Every structure is written in C-alpha cells, then in structure tokens.
Amino acid sequence: SYSTMKAGDEIVTLGITPDFNYEKTEQKPGIIIDCEGYLPTGKKMVYLLAEEVNRRFYVVNMDNEERVYESSLSKLEDDGGNIVYTGDFSELTAPGRYRIYQSDLGYSYEFVIDENIYIKSYKELYKGITNLTYKNTRDIIYVLTSLMTIKEVYENSYINEGFIEENIELLLKHQNAKTGAVYQEILSDNELESIGPDADNGDGQYDNLISLSATAEFAGVMAQYYYLYQEKEPEMAQRCIKAANLSYTYMEQYKDNVPGDSYYYAAAQLYKATGAIKCRTAIATYDAMDVKTKSVSDYNYEILADISYMKSKFRTDYSRCDAIMSEYLADAGKISNKSSRYNFYVASDIGQSNLDEILDDMMKLGLVSYIISGREYYSIQGNYIHYLSGANEENKNYLKEEIPNTTDASTENIIKMLKLLFVFGNFQSV
C-alpha cells in the first residue's frame with residue numbers, strides 16, 4: 001500500500017539530496033535496485049556505489065537461495081569523479097522473487113520479476129482513489145475526468161463505470177438548476193434540500209457556496225461524459241450535456257475570475273462534445289492570454305485539455321495541433337537528452353524537481369509515446385518508474401514514501417495519485 005508519511009508532511013525534492021521529513025539512514029545503501037521489481041521483458045539494471053569492488057554479481061532466487069544469473073559490472077566515472085558500477089540482468093526473464101548478491105557489499109533488497117507488476121500497482125492505486133471520501137466537487141471532477149481520459153487514451157485500463165455514473169449523479173445535484181453555478185463543498189442531501197429554490201431568488205444568500213472554478217470544470221467533465229457515453233447511456237448523457245451548457249454559459253460571464261487552465265479545459269471538452277463555435281473562440285482567447293498573468297489551478301488541466309482538443313472529431317486548427325505536439329515532443333526530447341546512464345537513466349537534474357513535476361514529465365512521455373506509437377519514450381518512462389521505485393542513490397521507494405496512505409483525501413495527494421495512475425495506465429496498454 002502507498003503509506004509511510006503523515007498527512008501534512010511536505011515533500012521538497014527528489015534525487016541526489018532529498019530533503020524529506022522522515023528520518024534518513026546514516027549509511028547509504030551499496031546495491032541499488034528497483035524495490036518493486038521489473039517486467040520479464042523489460043530492462044533490468046543494478047547499480048553499486050563504491051570505490052572498488054569485485055566485478056562479479058549474482059541474482060539469487062529468494063525461494064531456494066539458488067544463484068540463477070551471473071554477470072559482470074561496468075565501472076563508470078563521470079566528469080565530477082563520481083563512480084558507479086552498473087550491471088545488466090535483462091536476460092533474466094523468469095517470474096519470481098529475487099535479490100542481488102555481490103561479495104563486497106552483500107545482498108540488495110528483495111524485488112520481483114512479474115508481468116503483472118504495473119497492473120497490480122494500477123489496481124492498488126485505483127482502489128485507493130475510489131475509496132476516498134471527497135470533500136469538494138473540484139476533487140471529484142478531477143478524479144472523474146482523469147479516469148475517463150485514461151480509459152479513452154489507454155483502452156485496456158480498468159475503469160469502474162458504476163463509480164463514474166454514481167459520482168456524475170452526485171455532481172449534478174451540486175449544480176444550481178437555474179443558473180448553472182456549481183457548489184464547491186460536498187453537501188449532504190439534507191443540506192441540498194434546505195437550499196432548495198431559495199438559491200435561485202437572486203438575493204445572493206448562497207453565493208458563498210459557489211465556485212467559479214468548479215463551475216468551469218463541471219462543464220468540462222459533463223461534456224466529456226456526454227461524448228464518451230452518449231450511445232451507451234443516452235438519457236444520462238443528455239442530462240450531462242444540458243448541464244454542461246448551462247454551467248459553461250454561467251462561467252463565461254465571469255471568465256476573468258476563472259483559472260486559465262480550467263477555462264481552456266471547459267472549452268476544449270465542450271468543443272469536442274458539440275463543435276460549438278463559442279468554444280473554439282474561447283480556446284483562441286485562452287491562447288492569446290499573457291503567459292505571465294495566466295493563472296493556473298492546482299490541478300493544471302492543460303494536459304487533459306490538450307488531449308481532448310487534439311482528439312476532437314470537429315475541425316481543429318492544424319497549426320495549433322502541430323504547435324501542441326511540437327511542444328510535447330520538445331519536452332520529451334529534453335528529458336531524453338538529459339537522461340544519463342550515470343544517473344540511473346533519468347534526467348541529470350532530477351534532484352531539482354519535486355514529485356508533481358516528475359509525474360508531469362512522465363505524463364508527457366506517456367502522451368508522446370501514445371501519439372507516435374514509439375518505444376523510445378515508453379522506455380524512458382519505464383526508467384523513471386524504476387528510479388522512483390528505488391533505483392536512486394538513496395534506494396528509497398519514493399512512490400510509497402511520498403504518496404501518503406490512500407485514506408488521505410487532500411487535493412495534493414489526489415493529484416499525485418491520479419498522475420501516477422495515468423503513468424501506470426500506459427504500461428497496461430502495450
């Protein structure tokens with residue numbers, strides 16, 4: 001399970017000099033591996049941090065202590081004089097539980113080789129996400145749109161449609177039926193009933209319950225449900241597109257007070273659903289916003305909005321799509337170019353990034369891999385998973401130690417879990 005940190009602990013950095021709030025080990029480990037494990041056909045690397053060592057290493061079967069693989073280490077030294085030994089045991093493909101043995105440093109942590117390793121991680125995260133108790137509509141909206149996007153992009157990924165419909169219904173109850181404005185806090189049935197028609201009388205009594213950001217994002221997720229389920233669930237889909245248009249119209253009146261990415265997301269989803277000219281105009285308005293003054297929500301919907309726009313069946317601007325893809329390809333290229341065998345095959349400056357930023361990079365790699373159907377960026381994304389799961393200088397499993405336990409329904413934790421779910425979704429579709 002994804003647990004060790006306490007809710008509220010602040011994560012600062014990853015990599016070479018992590019600054020976590022939990023107690024650090026005084027002595028760094030010598031043998032570095034992915035603490036979770038490897039796909040049978042995937043790349044499998046071991047790293048040793050030492051001055052001089054015996055160049056032979058062994059892979060030991062945990063069930064019988066038999067040495068099932070033997071190979072040599074390569075000594076690498078970077079420009080700064082830092083030394084690392086690397087060993088490749090990718091030829092070992094048999095599923096099982098293993099650890100590395102080297103005569104000078106002893107044994108590594110245990111790991112597995114398992115073709116279902118990322119499917120298990122995906123299902124574990126998914127279960128945690130769907131079991132959370134959500135406090136506000138914006139979190140639920142982000143959960144639903146992320147799950148539907150994962151299913152749309154990676155068709156083999158499991159999504160419980162009952163969970164989607166149940167929470168779409170819940171969100172519909174939190175829309176003011178007359179104005180289209182959406183309440184931010186999750187309210188009980190009794191609270192919603194007590195508001196009743198009084199919310200429509202124009203006296204402003206319930207204005208403090210309204211969230212413009214939630215209203216924009218609500219319009220987007222309702223439009224998304226419509227275009228994905230209009231054939232399978234036509235009655236619910238029609239309710240959703242009607243609600244989406246109502247909220248979008250309300251939001252447009254106050255668009256200057258809506259985060260730019262939320263505004264773009266609403267327009268992109270509704271455009272994909274209806275092809276409405278007003279939405280195409282809104283996307284052009286978003287593009288014209290000054291980057292320095294463009295506000296961005298905590299959720300950063302830009303990637304999801306870009307995916308929606310580029311997959312639209314309605315007419316899109318070729319030059320805009322080309323610019324979007326060029327930017328993602330450039331970002332993926334920078335990540336690739338900065339990746340180094342001296343640094344566990346990830347970007348050399350990864351220690352300057354926090355987990356959210358790293359997961360954003362991994363999502364970009366996944367998106368590029370999906371669109372161009374290539375293996376290069378898929379492989380780099382795999383290297384990042386290995387790094388975050390233990391193949392780093394601290395041999396720390398950041399994915400377990402930085403994503404708090406799955407009962408933590410804070411917005412920060414929800415965002416991390418969903419970004420990681422998106423990453424694991426890619427490894428179920430190949």
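**Exercise 1. An edge of a sheet**

Find how β6 and strand β7 (residues 83-88) pair, and say where β6 sits in its sheet.

*Solution.* Start with the two strands themselves: β6 and β7 pair in the antiparallel sense, over four bridges. This is a predicted model, by the way. To see one spot in that pairing, look at lysine 75, whose bridge partner in β7 is tyrosine 85. Now zoom out to the open sheet, which has four strands in the order β1-β3-β7-β6, with antiparallel pairing. The edge strands here are β1 (31-32) and β6 (74-77), and each of them pairs on one side only. As background, strands of a sheet pair through backbone hydrogen bonds, either parallel or antiparallel.

**Exercise 2. A strand with two partners**

Take strand β4 (residues 56-61): work out which strands it pairs with, and decide whether it is largely enclosed or not.

*Solution.* Step one is β5 (residues 67-72): β4 pairs with β5 in the antiparallel sense over five bridges. Within this pair, phenylalanine 57 stands opposite serine 71 in β5. The hairpin of β4 and β5 has five residues between the strands, and there glutamate 65 takes a positive phi near 65°.

Step two is strand β8 (residues 96-102), which runs antiparallel to β4 and is joined to β4 by four bridges. Check it at asparagine 61, which stands opposite tyrosine 98 in β8.

Step three is burial. Five of the six residues of β4 are buried, so the strand is largely enclosed by the rest of the structure.

**Exercise 3. Two helices that cross**

Describe how helix α6 (residues 234-253) and helix α8 (residues 277-288) pack.

*Solution.* First get the geometry: the angle is about 45° and the axes are 12 Å apart. Angles under 35 degrees would be roughly parallel and 65 to 115 roughly perpendicular. The α6–α8 angle fits neither range, so α6 is oblique to α8. As for handedness, α6 passes α8 in a left-handed crossing.

Next, look at who touches whom. On the α6 side you'll find Asn245, Tyr248 and Thr249, and they meet Lys278, Cys279 and Ala282 in α8. Sort these contact residues by type and you get three nonpolar, two polar and one charged.

**Exercise 4. Two residues tucked away**

Are serine 157 and histidine 386 buried or exposed, and which residues do they contact?

*Solution.* Go to serine 157 in the loop between α2 (137-153) and α3 (161-173). Its relative accessibility is 0%, so serine 157 counts as buried. Skip its neighbours within four places in sequence, and serine 157 is in contact with Tyr122, Ile150, Lys151, Gly425 and Gln428.

Then move to histidine 386, in helix α12 (residues 376-388). The cut-off for buried is under 20% relative accessible area. Histidine 386 has 13%, so it is buried too. Leave aside its neighbours within four places again, and the contacts of histidine 386 are Asp34, Gly37, Tyr38, Lys43, Tyr118 and Ala391.

**Exercise 5. The whole protein**

Now step back: how many helices and strands are there, and what share of the residues is buried?

*Solution.* Count the elements and you reach 14 helices and 12 strands. For burial, 54% of the 430 residues in the protein are buried. Finally, take contacts between residues at least 6 apart in sequence: 71% of them join residues at least 24 apart.

Definitions and conventions. Residues numbered from 1 in each chain as written. Predicted model: local features only at pLDDT ≥ 70, side-chain atom pairs only at ≥ 80, totals over all residues. Heavy atoms only, no water. Axes fitted to C-alpha atoms, helices over the stretch in contact; angles between N-to-C directions. Parallel < 35°, antiparallel > 145°, perpendicular 65-115°, else oblique. Left-handed = near helix turned anticlockwise from the far one by under 90°. Contact = heavy atoms within 4.5 Å. Nonpolar A, V, L, I, M, F, W, Y, C, P; charged D, E, K, R; others polar. Buried < 20%, exposed > 50% of the residue type's maximum accessible area, 1.4 Å probe, protein only. Pairing = 2+ DSSP bridges.
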